[in-house]
Structures are given as C-alpha cells and as structure tokens.
Amino acid sequence: MVLITAHSGCDGTPDNSLEFVRHALQTNADALEVDVRKTENGVLAISHDPIAADQDAPTLQAVFSLVAPTEKKINCDLKEPDLEEAVIGLAREQGLLQRLIFSGTVSLERIQKDESLRKDVCIYINIEELMPGLYDRLADGAQLTADDMHQAASLCKQYGLAVINVYEKLCTPEFLHIMQQHGIKVSAWTVNDPARAAALAAEAATVNITSRAPETVRQAVAAR
C-alpha cells in the first residue's frame with residue numbers, strides 16, 4: 001500500500017505550524033511532514049529556514065505531543081546536520097519511535113557506523129544526500145541518466161537503505177523501473193495532481209507520495 005504524507009502547509013495551512021499539524025491529523029493521510037531545526041538555545045523546533053533569535057517557532061516536542069495519541073507517522077525532514085540523536089531521543093520519550101521517518105540531511109557516515117539508526121527509524125534518503133550537487137547539475141539543464149539512476153540505487157544498497165526520496169519530476173518510468181530492478185522503493189515529493197499521484201501509485205517501486213493536497217491525492221490513489 002502506498003503511503004500518503006501531508007506536506008507541511010498542506011491545504012493552505014501555514015507551513016511548519018501547529019495549525020498545520022492539527023489539520024493534517026484530521027486528514028486521511030498516513031503521515032505528516034515537518035521541517036526540523038534547532039534554535040540558538042538547542043531546542044528542537046519546526047522551521048524550513050534557520051531560526052532567528054526572536055522567532056517563535058513551534059517546538060518539535062509540541063508536535064510530537066499532538067501526533068502521539070494518533071496512529072499517524074511523522075516524517076522529520078532534517079534541515080541541518082547532527083539532529084538525528086536528539087530527534088530519536090524525543091521520539092522515544094513520546095512513544096513515537098516506531099512511527100518516525102527521517103528525510104533531508106541524514107548523515108550517511110552515521111548510518112554506516114550506527115546500524116541501530118536504520119533499525120530504529122524508517123529513512124527516506126534524499127537522492128541529493130547520496131549524490132551531492134545533483135539538483136544543481138539538473139538545474140543547468142542536464143538530464144538524469146541511466147548511470148545516475150543505477151548509481152543512486154547502488155549507493156542505497158551500499159548504506160543499507162531501502163527507500164530513496166526524490167522530486168516527483170525525476171520519477172520517470174525509467175527511474176522507477178531501475179529502482180524496482182535494484183529492490184529500492186521510491187518516496188516522491190511533492191505530488192499535488194491527482195492523476196499524477198494515481199499513476200505513481202500504480203508503480204511497484206512507489207512506497208510514499210508526499211502532497212500538499214493529501215485527501216485529494218488519497219482519493220485518486222484509492223480510485224485507480
């Protein structure tokens with residue numbers, strides 16, 4: 001079954017807000033995504049950009065407290081390095097460890113050294129973490145080649161990772177086929193068009209679709 005993740009700020013709610021979290025928990029999405037950083041005082045909080053000293057960013061603890069009584073999964077998109085242990089510790093305190101997903105800036109070195117990280121947390125590894133500079137190269141007009149695709153899949157296997165997190169425009173039939181060949185699942189972001197979501201959900205490699213319109217996408221996927 002393909003999971004549907006509510007992107008931060010879905011359905012017109014403010015990005016990385018408790019209003020978004022409360023709304024997402026009422027949708028039929030399987031998970032919700034928040035961007036995670038630390039404040040200057042070392043407090044885990046949700047924000048896409050660096051947190052200014054005078055910024056009142058919601059704490060991750062407040063988010064976890066809202067999510068814990070539900071059955072939703074929580075995708076923490078790590079926006080800066082060295083957050084893994086702190087987020088895991090907080091998730092464990094809140095009883096959320098088995099529902100925790102990491103994407104974003106996840107340390108490959110830590111994954112390689114600490115096998116428990118892969119056991120404790122479901123990791124959707126961003127393709128650009130495996131292949132730094134990839135999106136910059138593609139922004140200049142280059143195309144993702146078959147060699148790129150095979151390399152990405154091989155790196156996933158090298159680090160013991162089962163899911164690759166990829167911008168949906170890169171999720172071509174060839175890409176999905178190559179990932180399927182290698183036994184790697186695909187998490188696609190951000191998919192707001194129902195027809196596109198249904199087409200991706202029909203692919204055997206697709207395991208997750210992140211969307212700013214989670215209920216519309218869920219209905220399209222269910223109706224395919």
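Modeller: Before we discuss the helix pairs in this predicted model, one convention is needed: angles under 35 degrees count as roughly parallel, those over 145 as roughly antiparallel, those from 65 to 115 as roughly perpendicular, and the rest as oblique.

Colleague: Why, then, are α10 and α11 called oblique to each other?

Modeller: Helix α10 (residues 194-201) and helix α11 (residues 214-223) pack at an angle of about 50°, their axes lying 8 Å apart. Since an angle under 35 degrees would be roughly parallel and one from 65 to 115 roughly perpendicular, the pair is therefore oblique. The crossing in which α10 passes α11 is right-handed.

Colleague: Which residues make the contact between α10 and α11, and how do they divide into nonpolar, polar and charged?

Modeller: From α10 come Pro194, Ala197, Ala198 and Ala201, and from α11 come Thr216, Val217, Ala220 and Val221. Of these residues, 7 are nonpolar, 1 is polar and none is charged.

Colleague: At what angle do α8 and α9 pack, and what kinds of residue meet there?

Modeller: Helix α8 and helix α9 (residues 173-182) pack at about 35°, with axes 10 Å apart, and their crossing is right-handed. On the α8 side the residues are Ala146, Met149, His150, Ala153, Ser154 and Lys157, which meet Glu174, Phe175, Ile178, Met179, Gln181 and His182 of α9. This contact divides into 6 nonpolar, 4 polar and 2 charged residues.

Colleague: Which helix gives the most to the largest nonpolar core, and what surrounds Ile164?

Modeller: That core has 69 residues, and Ile164 is listed with Leu60, Cys76, Val87, Leu100 and Phe102 among those with the most contacts inside it. Helix α8 (residues 146-158) gives the most to the core, with 5 residues. Leaving aside neighbours within four places in sequence, Ile164 is in contact with several residues, including Ile125, Leu130, Ala152, Cys156, Phe175 and Met179.

Colleague: What makes aspartate 35 count as buried or exposed?

Modeller: Aspartate 35 lies in strand β2 (residues 31-38). Its relative accessibility is 6%, and because the cut-off for buried is under 20%, aspartate 35 counts as buried. Apart from neighbours within four places in sequence, aspartate 35 is in contact with Asn16, Ala45, Ile46, Ser47, His48, Asp77 and Lys79.

Colleague: And how do you know whether glutamate 71 is buried or exposed?

Modeller: Glutamate 71 sits in the loop between α2 (60-67) and β4 (73-78). Its relative accessible area is 77%, and since exposed begins over 50%, glutamate 71 is therefore exposed. Although 41 residues separate glutamate 71 from aspartate 30 in sequence, their C-alpha atoms are 8.1 Å apart in space.

How values were computed:
Residues numbered from 1 in each chain as written. Predicted model: local features only at pLDDT ≥ 70, side-chain atom pairs only at ≥ 80, totals over all residues. Heavy atoms only, no water. Axes fitted to C-alpha atoms, helices over the stretch in contact; angles between N-to-C directions. Helix = DSSP H or I, 4+ residues; strand = E, 2+ residues; numbered from the N terminus. Left-handed = near helix turned anticlockwise from the far one by under 90°. Contact = heavy atoms within 4.5 Å. Nonpolar A, V, L, I, M, F, W, Y, C, P; charged D, E, K, R; others polar. Core = buried A, V, L, I, M, F, W, Y, C linked by side-chain atoms within 4.5 Å. Buried < 20%, exposed > 50% of the residue type's maximum accessible area, 1.4 Å probe, protein only.
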